[in-house]
Amino acid sequence: MAAALPDFPWDSLTAAKEKASAHPDGIVNLSVGTPVDPVAEVIRVALNSVAGEPGYPTTIGTVALREAAVAALERRYSITGISTDAVLPAIGTKEMIAWLPSLLGLGTDDLVVIPELAYPTYEVGALLAASRILRADGLARLGPERASLVFVNSPSNPTGKVLGVDHLRKVVDWARERDAIVVSDECYLGLTWDAEAVSVLDPRVCGGDHTNLLAVHSLSKTSNLASYRAGFVTGDASLVAELLEVRKHAGMMVPLPIQAAMTAALADDEHENIQRERYRARRTILKAAVEEAGFTVDHSEAGLYLWATRGEPCRDTVDWLAERGILAAPGEFYGPHGGQHVRIALTATDERIEAAAIRLRG
């Protein structure tokens, strides 16, 4: 039986949200990373193109989708050596991450390592599999422990920290010595600002050998497809085949219109570049205003968030922002080391970002 799951963190923001909503000019909700910009026309046309198809989609996805994913990974991120058999679409990457430990057969005898500051779903995935959990950024903390699965996340949610080639190579080498699986959450790989982010599948990291490596990619952030639930996992072909078999039995298949939309999104870089520049402009405005308001912004070299602190308990900062009509996520959502930070999202319209900047400058 899986361990009891924690309360859903955002449910605890009700009072702060009510306070922020009472602002005369309305709330600026920067507590979640949900896209607000339009879905590109090329994607919507592709979605509609197969809307009349009545049959079941395949769990492994269309050949066109998998070919588009392989091409995009090489074109955008210099990831080579991926075969179409090693790409598996997912009903959103949150679903994939939450169920990966269970799909891979982990249980009570297994240890799952997650970052010290982490997207909550890594912990949830381990709990669903009834596995043990260790928060550790430095592998030396493991001591004699043998991990079965190691989650890494670069660029990080919530901190925006980027792990370099050397760091990721050490993780891969360490895991291979112990026959552990490395799952790299790369949902923000296409949104870098002040540092180069690389995939765990980059030849500089893994030497072209994808054994025991999985990379999870999302189209929610770079293509505004959060509502579509569009993502995929790739890497070790044997692990992908194992995931495929279980998912076929469980009926975990991505709807065909979504597969068509994903294919179009992966084949078109123009819309992705436009969206990246939107976020870059919003980041420039918001980061300057946050720092002028007395915050320190740590890391945040990439991704969709500012990891900011006023040197006080994070709930006090949430309240301070709410008084100004701004809602942010308390850092404690992401682990014990987040107790003095808040995560401020860039995912608001230009008008709302400007409004937040004005309020922060007071």
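**Pairing, burial and contacts in a predicted model**

Student: What makes β12 and β13 paired strands?

Tutor: In this predicted model, two bridges join β12 to β13, the strand of residues 342–345. Pairing requires at least two bridges, so β12 and β13 count as paired. The two strands run antiparallel, and Pro330 stands opposite Val342 of β13.

Student: What is the order of the strands in the open sheet?

Tutor: The order of its four strands is β9-β10-β13-β12, with antiparallel pairing. Strands β9 (296–298) and β12 (329–330) are called edge strands because each pairs on one side only. Strands of a sheet pair through backbone hydrogen bonds.

Student: Which helix lies across β9, β10 and β13?

Tutor: That is α10, which spans residues 270–292. Its direction is at about 5° to that of β10 (305–309). Angles are taken between N-to-C directions and run from 0 to 180 degrees, so a value of about 5° means that α10 and β10 point nearly the same way.

Student: Why is Val70 called buried?

Tutor: Val70 has a relative accessible area of 17%. Buried means under 20%, therefore Val70 qualifies. Val70 belongs to helix α3, residues 63–77.

Student: What does Val70 touch, not counting residues up to four places away in sequence?

Tutor: Val70 touches Ile82, Ser83, Thr84 and Val87. For each of these, heavy atoms must lie within 4.5 Å, since that is what contact means. Val183, by comparison, is 113 residues from Val70 in sequence and 18 Å away in space, C-alpha to C-alpha.

Student: Is Ala175 buried or exposed?

Tutor: Ala175 has a relative accessibility of 1%. The limit for burial is under 20%, so Ala175 is buried. Ala175 sits in α6, residues 165–177. Beyond neighbours within four places in sequence, Ala175 is in contact with Ala180 and Val182. Its C-alpha is 12 Å from that of Leu214, with their positions 39 residues apart in sequence.

Student: Which other residues of α6 are buried, and what covers them?

Tutor: Besides Ala175, the buried residues are Val165, Leu168, Val171, Val172 and Trp174. The cover over the buried residues of α6 includes β5 (149–153), β6 (181–185), α7 (203–206) and β7 (213–218).

Student: How do you know that the reach of α6 is close to the expected one?

Tutor: Helix α6 has 13 residues and reaches 18 Å from its first C-alpha to its last. The expected span is 1.5 Å times one less than the number of residues, which gives 18 Å, so the two values agree closely. Just after α6, Asp179 adopts a positive phi of about 60°.

Key
Residues are numbered from 1 along each chain as its sequence is written. This is a predicted model: local features need pLDDT of at least 70, side-chain atom pairs count only at pLDDT 80 or more; totals for chains, interfaces and linings use all residues. Side-chain values use heavy atoms; hydrogens and water are left out. Buried means under 20% relative accessible area, exposed over 50%, partly exposed in between (1.4 Å probe, protein chains only).
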